[in-house]
Amino acid sequence: MTDIPAQLHQHRVYRNLHFGTAGAFIALQREKNQLLVDAGLRPYAVWAPALGGLHHITMTCDFPSLHDFQVQGASTGAIEGYGALNARQLELVIEGTARDEMVKLELGL
């Protein structure tokens, strides 16, 4: 049986993209996720964009603790090419719409 923690910390990333750029954004996230996995870190799930004049993207990643989240954040700076991919993604985001949050999930197990 797998041990499931009683709580998780979920990092949620929200981006509003310029029309027609969702495919490019998701492709860049796939590249970033591969770099994360190759470095032994956690990849982000990308939730389906809405259709319309712009695309709303939500990405999530679960961490067992805030410490694990902080370690991952500090580690990404050492991954060659990660920052450049991040910059390319941000070019696709409507200025002023990028935000993120950390949510503590109590699983009640």
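The largest nonpolar core, meaning a set of buried Ala, Val, Leu, Ile, Met, Phe, Trp, Tyr and Cys residues joined through side-chain atoms within 4.5 Å, has 18 residues in this predicted model. Buried means under 20% relative accessible area with a 1.4 Å probe, protein chains only. Because the model is predicted, local features need pLDDT of at least 70 and side-chain atom pairs count only at pLDDT 80 or more, while totals for chains, interfaces and linings use all residues. Residues are numbered from 1 along each chain as its sequence is written, and side-chain values use heavy atoms, with hydrogens and water left out.

**Core**
- Those with the most contacts inside the core are Leu17, Phe25, Leu36, Tyr44, Ile57, Met59 and Ile79.
- At least two core residues come from each of strand E1 (7-17), helix H1 (22-38), strand E3 (55-63) and helix H3 (82-90), where helices (H or I, at least four residues) and strands (E, at least two) are DSSP runs numbered from the N terminus.
- H1 gives the largest share of this core, five residues.

**Sheet**
- Four strands form an open antiparallel sheet in the order E2-E3-E1-E4, two strands being paired if DSSP finds at least two bridges between them.
- Strand E2 (45-47) and strand E4 (99-106) stand at the edges with a single partner strand each, so one side of each has no neighbour in the sheet.
- E1 and E4 pair over eight bridges in the antiparallel sense, and Leu8 stands opposite Leu105 in E4.

**Tyr82**
- Tyr82 lies in helix H3 and is buried, with a relative accessible area of 10%.
- Leaving aside neighbours within four places in sequence, Tyr82 is in contact (heavy atoms within 4.5 Å) with Lys32, Leu35, Leu36 and Thr76.

Conventions: Buried < 20%, exposed > 50% of the residue type's maximum accessible area, 1.4 Å probe, protein only.
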